[in-house]
Structures are given as structure tokens and as C-alpha cells.
Amino acid sequence: MKEEKKINTEETENLEDTVQEETVDNTENTENSEETEGTENPEDTETPEEKDPLEVALEEIKQLKDQLLYKVAEFDNYRKRTLKEKAELILNGGEKAISAILPVIDDMERAIENGSKTDDPAVLREGMDLIYQKFIKSLEGLGVKKIETTDADFNTDMHEAVAMVPGMGDDKKGKVIDCLQTGYQLNDKVIRHAKVAVGQ
């Protein structure tokens, strides 16, 4: 009988230990589940707040107003800059042409100075011819060229008829017979029409 009691006592202690362990496990599981529930994603629970349409419209108006002010200021600066450049161009636009002509003036001064030292007209004529050729090259460098009139058809865009010459034959009708004043173009724009006599 004593042995049976002893066995029952041991079984009872073992059962109590098992119950205590299960109770601890259940308690830990409960705490873990509570912690998991407490750490839910706030993005899932919170609903995003929608902006007021009036605030959105006011923000857009402010941005557009800033852009408009920037563009107005930029255009004003551009207008002032172009006016300044235009004024400088009007005042100093002939600088390139004058710089090209100055060497020709130097040659003319030298020719006048040396002209008194010789009585040979051939020498003077040769000097004048050299200066003239240099001047024409300077003008060509600036885009200036003569309007051709030799055996040319009369063209109202290029020529100005100052005389009509009858009796020149059918092959000369409507053609330039003589050039009374040379015409010039600047970069293909007529700056002076050639004054010509035209066959009738």
C-alpha cells in the first residue's frame, strides 16, 4: 500500500508539472498574439486624408502666378537688352565698313603727297588705278558688288531707264545700250539702281 501511494504521489507531481508548462506556453502564445495585434501596419488602419480641392486650386494659382512673374521679368530683360544692342548697332554699325576703307584713304594720301614729285601722267594714272582696284576689293569684302549692265536685258529690279534709244535693231530691243551711272548691290540687295539707256 505504501508503494502504491508513493507511485500515485509521483504521478500527481508529474501531472502538476505538465499543467504548469502548458499554462506557461498558453500565456506566452497569448502575449505574442496581443503584441502582433498591437503592431499592425498603420497604413492599413489609417485612411489617407484627401486634400481640399480649394487648397489644391490655390496652390496651382500660386505656382502659375510665380511662373508668370518670372516670364514677365525675363521678357522685360530681353526687351531692354535688344533695345541696347539695336542702339549700339545704329551708332557703330558702320565700323566694319570704315575699317575697310581706311587703308584706301592712306593710299590716297600717299598718292597726293607723291604726286607733286613727278610730272609723268602715266605714273599718276597707274597710282590712281591701283587705289581704285584696292577700293573695289574692300567693297567686295563688305558684300558690295556692281550691277552688270554689259549686254544685259533691261530689268526693272536692277536698272533704271533714263533714256530710250530708237533704231538699234530688233536684237537690241529691251537691252541695255549704255550705263550712265553704275548701280550696286549689298548682299544681293539693290542699294542703288544702275541708270541706263535702253534700246527701243
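**View 1. R110 and its partner D107 in helix α4 of the predicted model.** R110 is partly exposed, with 46% of its relative accessible area. This structure is a predicted model. The side chain of R110 meets that of D107 in a salt bridge, with 2.4 Å from N to O. Helix α4 spans residues 95-115 and holds both R110 and D107, which stand three residues apart, or about one turn of the helix. D107 has a relative accessibility of 16% and so counts as buried, since the limit for buried is under 20%. The salt bridge thus joins a partly exposed R110 to a buried D107.

**View 2. A salt bridge between K134 and D107.** D107 also takes part in a salt bridge with K134, and here the closest N and O atoms are 2.9 Å apart. This pair links distant parts of the chain, as K134 belongs to helix α5 (residues 121-141) and D107 to helix α4, with their positions 27 residues apart. K134 is partly exposed, its relative accessible area being 36%. Side chains of opposite charge can pair when their charged atoms come close.

**View 3. D76, R79 and K80 in a network of salt bridges.** Salt bridges link D76, R79 and K80 into a network. Within it, R79 bridges to D76, and 2.7 Å separates their closest N and O atoms. Both R79 and D76 lie in helix α3, three residues apart, which is about one turn of the helix. R79 counts as partly exposed at 36% relative accessibility, and D76 counts as partly exposed at 26%. Over the whole structure, a search finds seven salt bridges.

**View 4. Two surface patches, one negative and one nonpolar.** The negative patch on the surface is formed by D52, E55, E59 and E60. Of these residues, D52 sits in the loop between α2 (42-45) and α3 (53-92). D52 has a relative accessible area of 37% and is therefore partly exposed. The nonpolar surface patch is made by L54, L58 and I61 and covers about 310 Å². I61, one of its members, lies in helix α3.

**View 5. H159 in strand β2 and its contacts.** H159 is part of strand β2. With a relative accessible area of 5%, H159 is buried, because residues under 20% are counted that way. Apart from neighbours within four places in sequence, the residues in contact with H159 are I147, E148, T149, A152, D153, F154, V176, H193, A194 and V196.

**View 6. M164 in strand β2 beside G199.** Strand β2 covers residues 159-165 and includes M164. M164 has 48% relative accessibility and so counts as partly exposed. Not counting residues up to four places away in sequence, M164 touches V198, G199 and Q200. M164 and G199 are 35 residues apart along the chain, and their C-alpha atoms are separated by 5.9 Å. Strand β2 thus holds the buried H159 of the previous view as well as the partly exposed M164.

How values were computed
Residues numbered from 1 in each chain as written. Predicted model: local features only at pLDDT ≥ 70, side-chain atom pairs only at ≥ 80, totals over all residues. Heavy atoms only, no water. Helix = DSSP H or I, 4+ residues; strand = E, 2+ residues; numbered from the N terminus. Buried < 20%, exposed > 50% of the residue type's maximum accessible area, 1.4 Å probe, protein only. Contact = heavy atoms within 4.5 Å. Patch = residues over 30% accessible without salt bridge, like charges linked within 9 Å, V, L, I, M, F, W, Y side chains within 5 Å. Areas by Shrake-Rupley, 256 points an atom, 1.4 Å probe, with all protein chains shown as cover. Salt bridge = Lys/Arg side-chain N within 4 Å of Asp/Glu carboxyl O. Lys, Arg positive; Asp, Glu negative; His and termini not counted. Charge placed at Lys NZ, Arg CZ, Asp CG, Glu CD.
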